[in-house]
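Thanks for coming, everyone. I will take one structure and walk through it piece by piece. Please have the view open while I talk.

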Amino acid sequence: MRILIVGAGIGGMTLAALLRQRGQQATLVERAPDFEHAGYMLGLWPLGSRVLHGLSLYERFAADSMECTDYEVRDNHGELVKHWSMGPISDRFGPNLSCTRPQLIHLLHQSLGDADLRFSTSLASLQQQGEEVTATFSTGEQETFDLVVGADGLHSCVRQMVFGDQPYYHTGWGGWVWYADLASAPAGTFIEHWGTGRFVGGYPTRDGVGIFAGAPTGDEREKPGPGRRQRIREQFAGMGQLVDAWLDDLPDDNASMFYWKLSDVRSAEWTRGRVVLLGDAAAGFLPTAGIGASMAMESAAVLADELARTDIRFVEHALALYVKRRKHRVESIQDDSRHLARTMFLKSSTLSHIRNLATKFYSLEQLAGSIAKAFDQPI
Ligand SMILES: Cc1cc2nc3c(=O)[nH]c(=O)nc-3n(C[C@H](O)[C@H](O)[C@H](O)COP(=O)(O)OP(=O)(O)OC[C@H]3O[C@@H](n4cnc5c(N)ncnc54)[C@H](O)[C@@H]3O)c2cc1C
């Protein structure tokens with residue numbers, strides 16, 4: 001089967017590795033020039049990291065990651081609102097392992113051997129005819145495949161080409177990502193400051209504490225260039241000692257820094273003919289539940305499984321089964337991420353106060369019900 005995977009991200013690389021293990025070589029095209037581009041921190045729940053067992057990569061991944069043992073929510077001034085131990089989840093299902101995106105991508109890359117992976121290549125057009133799909137690349141080359149997998153992330157061009165505009169969900173917030181010194185936070189504790197009109201989270205990895213500092217979009221503060229560092233410092237001042245230490249490690253104004261608009265997307269359809277969507281391309285994730293990468297990996301495992309049980313004649317049936325196994329689960333978990341965004345990102349001080357009082361009585365299961373259930377549901 002000639003398979004094209006558009007996007008060598010978490011989902012695309014996981015799928016390629018699983019297919020290769022089963023003797024199927026896919027062609028991967030990646031828009032970026034290499035894997036060295038700026039990445040961010042990732043917490044991988046056992047939903048996703050379980051997939052690494054099947055690739056014999058789990059032990060290496062665990063050795064390079066940091067286990068998240070505790071989760072804390074603090075308020076606008078850094079006072080503790082709630083502390084949860086991750087023990088009840090990790091004892092039953094496995095740890096939440098924190099890493100960087102490039103680290104996971106490099107690990108998956110190692111298991112691809114001499115795969116046909118083409119950097120600096122994106123898709124110019126797709127044409128389906130009968131049981132074949134012809135792809136034209138940005139390089140001008142044209143090739144025909146039996147199956148095209150759109151694993152090209154939140155703003156997927158495969159989704160756009162095949163299904164047109166799909167509804168985005170905008171929180172109206174966005175945020176900066178940078179790394180702070182590892183010593184600036186307790187190892188193994190994810191600490192989030194749910195403020196009023198601002199949010200700062202710190203997520204330790206072995207390479208440093210990944211920081212996400214978010215606020216409503218649409219003012220001058222999100223602009224890059226001169227004065228950026230000072231503007232961010234002013235916006236997040238007074239959130240307590242931890243945030244002060246993280247702000248000290250802000251990159252200089254001229255350094256490249258990742259700004260992320262907090263929006264997601266949900267495609268009404270995931271497959272048409274011989275094209276199928278995977279990961280954020282099908283249903284994009286806000287970072288609020290730290291679960292988009294896990295979902296992309298789980299979906300890759302299910303797609304590889306369905307493809308392993310079919311031949312070229314019945315590919316479309318295999319894709320339909322993949323969608324049946326994944327869509328409801330992924331969208332329920334996406335709903336949880338949206339619900340968390342509505343809880344975490346508040347502008348009103350009265351609502352923030354009520355939220356903080358209620359959070360003191362929440363269990364982790366109450367905070368994200370579908371995710372809690374997903375650990376124990378078959379796929
Ligand atoms: C700041 C931040 C923090 C996050 N934290 C977490 C977390 O803690 N835990 C978690 O599970 N998830 C987290 N996520 C979400 C997670 O990263 C995504 O859900 C996950 O990466 C989705 O995998 P994917 O393969 O669908 O997309 P991606 O990993 O985004 O990969 C898509 C790939 O496609 C490439 N591409 C795009 N367009 C084209 C094109 N036209 N042609 C060719 N290639 C193309 C891109 O360069 C990229 O390499 C976070 C995201 C962000 C931004």
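**A walk through the model**

Start with Arg 231: it has 17 C-beta neighbours inside 10 Å, so it counts as partly exposed. The cut-offs are these: buried takes 20 or more other C-beta atoms within 10 Å of a residue's own, exposed takes 12 or fewer, partly exposed is in between, and C-beta atoms are placed from the backbone. Arg 231 sits in helix α7, residues 228-235. Its C-alpha atom is separated by 41 Å from that of Val 162, and the two residues are 69 apart along the chain.

Two housekeeping points. This is a predicted model: local features need pLDDT of at least 70, side-chain atom pairs count only at pLDDT 80 or more, and totals for chains, interfaces and linings use all residues. Numbering runs from 1 along each chain as its sequence is written.

Helices and strands here are DSSP runs, numbered from the N terminus: H or I over at least four residues for a helix, E over at least two for a strand.

Now the ligand. Which residues come nearest to the ligand? Of the 34 around it, the answer is Gly 7, Gly 9, Gly 11, Gly 279 and Gly 292. A residue is near a molecule if its C-beta atom, placed from the backbone, lies within 6 Å of it. By type, the shell splits into 19 nonpolar, 11 polar and four charged residues. In that count, Ala, Val, Leu, Ile, Met, Phe, Trp, Tyr, Cys and Pro are nonpolar, Asp, Glu, Lys and Arg are charged, and the others, Gly among them, are polar. At least two shell residues come from each of α1 (10-21), β3 (41-44) and α9 (292-308). The largest share, four residues, belongs to α9.

α9 shows up again in the core. The largest nonpolar core has 102 residues, and α9 gives the largest share of it, nine residues. Such a core is a set of buried Ala, Val, Leu, Ile, Met, Phe, Trp, Tyr and Cys residues joined through C-beta atoms within 7 Å. Ile 5, Val 6, Leu 15, Val 148, Val 149, Val 158 and Leu 278 touch the most other members. Take Val 148. Leaving out residues up to four places away in sequence, Val 148 touches Leu 4, Val 6, Leu 126, Val 133, Ala 135, Val 158, Arg 274 and Val 275. Contact means C-beta atoms, placed from the backbone, within 7 Å.

On to the sheets. Two strands pair if DSSP finds at least two bridges between them.

One open sheet has three strands in the order β3-β7-β4, with antiparallel pairing. Its edge strands are β3 and β4 (66-68), and each pairs on one side only. Neighbouring strands here are turned by 35° against each other on average, direction ignored. Helix α5, residues 101-110, packs on this sheet and touches β3 and β7; its direction makes about 90° with that of β7. Axes are lines fitted to C-alpha atoms, for helices over the stretch in contact, and angles run from 0 to 180 degrees between N-to-C directions. β3 and β7 (residues 96-100) are joined by four bridges. Leu 42 stands opposite Cys 99 in β7.

A further open sheet has the order β9-β10-β11, again three antiparallel strands. β9 (123-129) and β11 are the edges. The average turn between neighbours is 20°, direction ignored. Six bridges link β9 to β10, and Gln 128 has Val 133 in β10 as its bridge partner. Four bridges link β10 (residues 132-137) to β11 (residues 142-145), with Thr 136 partnered by Gln 142. Four residues lie between β10 and β11 in their hairpin, where Gly 140 takes a positive phi near 95°.

Next, β5. How does β5 (residues 70-74) run against β6 (residues 80-85), parallel or antiparallel? Antiparallel, over five bridges. The hairpin of β5 and β6 has five residues between the strands, and Gly 78 there has a positive phi near 90°. β5 also pairs with β14 (residues 189-194), in the parallel sense, over five bridges. There, Glu 72 has Ile 191 as its bridge partner.

Last, two serines. Ser 56 has a positive phi near 55° and lies in the loop between α2 (46-54) and α3 (58-64). Ser 56 is exposed, because 10 other C-beta atoms lie within 10 Å. Ser 120 has a positive phi near 50°, in the loop between β8 (116-118) and β9. With 12 C-beta neighbours inside 10 Å, Ser 120 also counts as exposed.

Conventions
Contact = placed C-beta atoms within 7 Å.
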